[in-house]
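Student: I am new to this structure and would like a close look at a single part. Please take one domain, go through its sheets, and then say how that part meets the rest of the chain.

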Amino acid sequence: MSTDTPVTDDTVRDVVIVGSGVAGLSAAVYTARADLEPLVLEGPEPGGQLTLTTEVENYLGFPDGIGGMELIQNGKEQATRFGAEFTHGTVETATLDEQPFALELASGETLRTRALIVATGASARWVGADGEDDLMGYGLSTCATCDGAFHRGDDVLVIGGGDSAMEEALFLAKFADSVTVVHRRDELRASDIMAQRARDHDAIEFRWNTELLEIHGSQENGVTGATLVHHPDGHPTAKLDSSHEVDRETVDVGGIFYGVGHVPNTDFLAESPVELDDAGYIRTEPGMTTETAVEGVFGAGDVMDPDYRQAITAAGTGSMAALDAEAWLETRDVAETAAQPVVEVEAEAEAEVEAND
Ligand code: NAP
């Protein structure tokens with residue numbers, strides 16, 4: 001599998017895909033099959049969020065489920081088979097106001113491309129609790145839809161007070177014995193309707209003014225418990241080093257889910273003409289398209305989707321971005337070819353004038 005394609009300053013690619021999660025890989029399969037020889041740039045989280053989950057049970061076509069990592073590896077093999085190339089690199093800035101587009105990488109190299117597919121995803125926010133690095137994917141998860149079904153009969157915690165946390169809690173309540181929403185304040189950020197649904201559910205309870213300090217367990221045994229901290233004025237972890245008295249409590253739980261929001265990976269677009277919404281997600285043009293405010297730049301996957309955020313929808317928008325990029329390149333090719341005779345006619349006319357002089 002080609003993963004180390006060198007980046008050269010003088011090559012202008014037809015298509016560069018930034019991001020190697022399911023959206024980027026789907027775009028790679030489609031653009032490679034269209035003979036566009038895409039280069040996929042694998043960033044700081046190669047393979048994207050799916051590599052953080054153990055089993056994917058809701059991706060169409062895998063009746064027995066498939067490992068997140070395996071799904072990504074399969075996608076990479078599939079794209080490579082059709083001629084996609086892969087290289088590692090993080091885009092620091094993107095110059096998108098002229099053709100070809102230029103992507104300046106952290107390594108100092110520059111990539112040039114006619115069409116750009118941005119599939120950099122969104123990273124789930126982590127809380128910063130002790131143990132989370134070791135236990136993510138081993139009972140600690142950022143995706144109830146992906147991992148909830150592994151917690152039948154467990155007591156689980158959901159961290160957060162927004163719509164994501166309510167959604168996670170409601171989903172988990174189908175499987176878990178009990179779901180405890182741990183929120184750092186005494187007021188939810190979630191919409192009234194989502195908050196009410198969670199409050200009305202018998203299996204869901206709330207721990208107010210409480211935060212997760214430490215996660216207990218091991219990769220062999222999964223999550224086994226947690227240390228929670230509580231202060232009546234909220235934000236207890238911020239008060240740990242001060243004179244406030246913060247209560248600590250150890251709870252036995254079989255799973256912990258983070259629902260503290262996602263951050264779209266669009267920092268490198270901040271100064272570019274690509275439009276972002278207030279939360280940093282790429283704005284695509286109205287209607288069913290992946291076109292952005294910049295012609296030739298297309299958005300795919302979670303980086304342009306604050307709502308659905310499923311592997312299968314990311315794959316879908318990846319294929320859409322590829323088809324949109326292909327159509328856009330064809331339009332440009334036609335325009336450039338149509339422009340050619342004019343140039344030739346002018347050159348011929350100039351040559352004739354020179355000959356007559
Ligand atoms: P959000 O609205 O930003 O909520 C994040 C929650 O996590 C907040 O309650 C926040 O606490 C808490 N939090 C953040 N960092 C934390 C930390 N380090 N430790 C503990 N708690 C932390 O994010 P979201 O819930 O993902 O929603 C994002 C957007 O998507 C919203 O517009 C939402 O309406 C939308 N959405 C809609 C649906 C739906 O309608 N079905 C589902 C999901 C998301 P504070 O409240 O104290 O800041």
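Tutor: What follows is a walk through domain 2, its two sheets, and its contact with domain 1.

The model is predicted. The chain is divided into domain 1, made of 12-124 + 262-339, and domain 2, which covers 132-258.

Begin with the open sheet of five strands. Its order is β10-β17-β11-β12-β13, and the pairing is parallel. The edges are taken by β10 (140-141) and β13 (204-207); each has a single partner strand, so one side of each is left without a neighbour in the sheet. Strands of a sheet pair through backbone hydrogen bonds, and the pairing can be parallel or antiparallel.

One pairing in this sheet can be followed in detail. Strand β11, residues 155-159, runs parallel to strand β17, residues 255-258, and four bridges join the two. At one place along this pairing, Ile159 stands opposite Tyr258 in β17.

A helix belongs in the picture as well. Helix α5, residues 163-172, lies across β11, β12 (178-182), β13 and β17. Relative to β11, helix α5 runs at about 165 degrees.

Now go from β13 towards the other sheet. The loop between β13 and β14 holds Asn209. Asn209 is not a glycine, yet it has a positive phi of about 50 degrees.

With β14 the second sheet begins. Three strands form this open sheet, in the order β14-β15-β16, and here the pairing is antiparallel. Strands β14 (210-218) and β16 (247-252) stand at the edges with a single partner strand each, so one side of each has no neighbour in the sheet. On average, neighbouring strands of this sheet are turned by 25 degrees against each other, direction ignored.

The pairing of β15 with β16 can be looked at in the same way. Strand β15 spans residues 222-230, runs antiparallel to β16, and is joined to β16 by six bridges. Ala226 has Val251 in β16 as its bridge partner.

That leaves the way domain 2 meets domain 1. The C-alpha centres of domain 1 and domain 2 are 32 Å apart. Nine residues from domain 1 and nine residues from domain 2 take part in the contact. Between domain 1 and domain 2 an area of about 790 Å² is buried, and carbon and sulfur atoms give 48% of it.

What does the count of residue pairs in polar contact between domain 1 and domain 2 come to? The count is one residue pair, with both residues at pLDDT 80 or more. As for salt bridges, the rule finds zero across the interface of domain 1 and domain 2. Side chains of opposite charge can pair when their charged atoms come close. A search of the whole structure does find seven salt bridges. One of them joins the side chains of Arg13 and Glu85, at 2.9 Å from N to O. Arg13 lies in strand β1 (residues 12-18) and Glu85 in strand β5 (residues 85-88), so this pair ties together parts that are 72 residues apart in sequence.

Definitions and conventions
Residues are numbered from 1 along each chain as its sequence is written. This is a predicted model: local features need pLDDT of at least 70, side-chain atom pairs count only at pLDDT 80 or more; totals for chains, interfaces and linings use all residues. Side-chain values use heavy atoms; hydrogens and water are left out. Two strands pair if DSSP finds at least two bridges between them. Axes are lines fitted to C-alpha atoms, for helices over the stretch in contact, and angles run from 0 to 180 degrees between N-to-C directions. Domain bounds come from an automatic or database domain assignment. Contact means heavy atoms within 4.5 Å. Buried area is the accessible area (1.4 Å probe) that two parts lose on being put together, summed over both. A salt bridge is a side-chain nitrogen of Lys or Arg within 4 Å of a carboxyl oxygen of Asp or Glu. A polar contact is a pair of N or O atoms within 3.5 Å; within protein, one must be able to donate a hydrogen and the other to accept it, and residues adjacent in sequence count only if both atoms are side-chain atoms.
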